[in-house]
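The exercises below are to be worked with the sequence and the structure in view. Each task is followed by a solution in steps.

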Amino acid sequence: MSSNDLMAKFAERRPKSIVMFERARKVLAGAVGHDLRYSLPTPIYIDHGRGGRKWDIDGNEYIDFLMGNGALLLGHGDPEVLDAISRAAARGTHFGNDHPLHIEWAELVQKLIPCAERVRFTNSGTEATHLALRIARAATGRNRILRFAGHFHGWHDDVVHGFQPPFDADGSLGVPPHFRQGLITIPDGDLSHFEETLAANDDIAAVILEPSGASWGRVPIDLDWLRGVREATARRGVLLIFDEVVTGFRFSSGGAQKLYGVTPDLCCLAKVMAGGMPGGAVAGRESVMRVFDITGDPFHDRHRRVVHFGTFNACPASAAAGIAVLRRIADGSAIERADAAALRLRNSWDSVLERHGIAGYAYGIASTYHVYFETDPGRVRGARSRRDLQTTDAARLKGMPGPLIAQYQLRMRFGGVDNMSSTGGVTCAAHSPDDIDFATRVFEETVLALRDEGLILTLH
Ligand SMILES: Cc1ncc(COP(=O)(O)O)c(C=O)c1O
């Protein structure tokens with residue numbers, strides 16, 4: 001099916017979504033609520049989800065590898081989580097006071113995450129990275145932040161530059177120039193360059209990174225480099241912040257820091273931690289988190305401490321969902337099931353690419369997967385096997401052509417599979433081998449269509 005026919009057929013099977021999109025365009029700024037939800041001929045509008053699947057308002061079924069932008073590790077509608085939310089909501093949706101669930105949630109985070117001597121809740125991952133940088137500046141008395149090209153830390157002004165290529169260009173309109181001056185962006189993976197940058201800038205408060213590697217592992221991290229970063233920052237008194245918004249409670253019950261045995265000073269948490277409800281946190285060393293300590297009248301000692309408000313911080317329903325999920329995750333078995341689903345997916349999808357000689361590969365860690373298609377004809381011509389293509393970190397960081405990604409996503413959705421972003425996704429504990437096998441058939445059809453359209457290349 002040509003891409004034009006596909007567009008028409010996709011719309012034909014989604015009449016209610018087309019109408020919803022028309023309504024959305026008249027009322028929502030930018031037509032959607034998150035940039036990545038935008039797609040043509042229409043975004044999908046979800047009616048409900050169960051386990052590893054979800055259904056749109058037109059009744060189309062999807063194997064869901066978006067999983068609430070990675071927030072759901074147990075899948076949709078987990079009975080224990082739903083029960084915890086409704087029991088908490090029945091007692092009051094929000095008080096503005098602290099409550100026992102808040103403390104219990106923090107205790108679980110403290111028990112599970114190695115660096116979490118103290119915890120402070122926020123409402124999202126973006127708020128968590130925003131707060132972590134403020135904490136780091138307050139604790140060190142320095143101002144600049146060192147980050148790595150392609151690592152994602154949310155959408156606030158401190159970190160919006162440096163995520164998408166070209167990395168030295170502005171990440172968004174509307175950000176005052178002094179934010180750029182406060183940020184140093186370098187590539188990850190080169191320890192000498194990193195150490196030289198630290199040595200040349202004595203005003204760096206913190207280094208922030210995704211411990212999976214850029215964009216939840218699309219460009220995987222080099223573990224020796226990560227250990228080197230830990231040592232170098234400790235030596236220089238620069239705080240190391242792991243952004244574990246995706247990896248926390250997904251890469252292991254103690255996040256990437258437990259999996260890799262590298263403990264940061266601070267970490268940012270969200271997504272899985274809040275069990276599918278809004279929520280985030282900064283967790284870290286007690287000596288650093290002391291910047292919150294109230295030393296007198298909280299309204300008048302603000303020159304000596306970090307100020308942090310937030311109407312809905314650790315609201316009861318989020319805390320209840322978070323507690324239910326973290327209790328389940330603690331023994332590791334749910335994570336193992338999600339990991340097994342992703343492993344089956346990566347192996348099956350890579351076999352599809354091998355069988356058809358496609359210049360690409362599937363990879364990933366824990367319950368994540370990514371697919372990379374090499375679209376540089378020169379590189380493909382020079383490769384003897386797909387293995388030769390697998391050292392393309394710079395290319396992976398640059399990303400694949402937009403039309404290829406859009407076609408990939410549309411074809412996968414048309415076949416009944418929803419990805420997370422680009423060509424990657426996450427699995428959950430509820431994804432069955434049958435779900436993965438179904439998704440593999442859709443992947444194969446998609447890849448063959450992309451090949452026939454000349455959007456992806458074959459070897460030889
Ligand atoms: C690594 C990372 N950090 C921060 C964020 C921002 O989190 P939120 O969307 O909850 O603001 C995200 C979101 O995808 C993320 O992947």
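A residue counts as buried if 20 or more other C-beta atoms lie within 10 Å of its own, as exposed if 12 or fewer do, and as partly exposed in between. The model is predicted.

**Exercise 1.** Compare the length of helix H18 (residues 433-452) with the expected span, then sort its residues into buried and exposed.

Solution.
1. The expected span is 1.5 Å times one less than the number of residues. For the 20 residues of H18 this gives 28 Å, and the end C-alpha atoms are 29 Å apart, so the two values agree.
2. The buried residues of H18 are Asp435, Ile436, Ala439, Phe443, Thr446, Val447, Ala449 and Leu450.
3. Viewed down the helix axis, these buried residues of H18 fall within an arc of 160 degrees, and therefore line one face.
4. Pro433, Asp434, Asp437 and Asp452 are exposed on the other side of H18.
5. The packing partners of the buried residues are strand S3 (61-64), H14, helix H17 (402-415) and strand S14 (417-418).
6. After H18 comes Gly454, with a positive phi near 75 degrees.

**Exercise 2.** Repeat the analysis for helix H5 (residues 100-112).

Solution.
1. The 13 residues of H5 should span 18 Å at 1.5 Å a residue; the end C-alpha atoms are 19 Å apart, which agrees.
2. Leu101, His102, Trp105, Ala106, Leu108, Val109 and Leu112 are buried in H5.
3. Because the buried residues of H5 fall within an arc of 160 degrees about its axis, they line one face of the helix.
4. Pro100 and Lys111 are exposed on the face of H5 turned away from the buried side.
5. The buried residues of H5 pack against several elements, among them helix H4 (79-90), strand S4 (118-122) and helix H13 (316-329).

**Exercise 3.** Describe how domain 1 meets domain 2.

Solution.
1. Domain 1 covers 3-75 + 333-452, and domain 2 covers 79-329.
2. Their C-alpha centres are 27 Å apart.
3. Domain 1 gives 22 residues to the contact and domain 2 gives 24 residues.
4. On the side of domain 1, two or more residues each come from helix H3 (67-70), helix H14 (333-355), strand S13 (368-373) and helix H16 (393-398). H16 gives the most, with 4 residues.
5. By class, this side of domain 1 has 9 nonpolar, 10 polar and 3 charged residues.

**Exercise 4.** Which residues are closest to the ligand?

Solution.
1. The ligand is surrounded by 15 residues, the closest being Ser124, Gly125, Thr126, Gly154 and Val245.
2. Helix H6 (residues 125-140) supplies the largest share of this shell, 3 residues.
3. The shell divides into 5 nonpolar, 8 polar and 2 charged residues.

Technical notes: Residues are numbered from 1 along each chain as its sequence is written. This is a predicted model: local features need pLDDT of at least 70, side-chain atom pairs count only at pLDDT 80 or more; totals for chains, interfaces and linings use all residues. Domain bounds come from an automatic or database domain assignment. Two residues are in contact if their C-beta atoms, placed from the backbone, lie within 7 Å. Ala, Val, Leu, Ile, Met, Phe, Trp, Tyr, Cys and Pro count as nonpolar, Asp, Glu, Lys and Arg as charged, and the others, Gly among them, as polar. The arc is that of the directions from the helix axis to the C-beta atoms. A residue is near a molecule or strand if its C-beta atom, placed from the backbone, lies within 6 Å of it.
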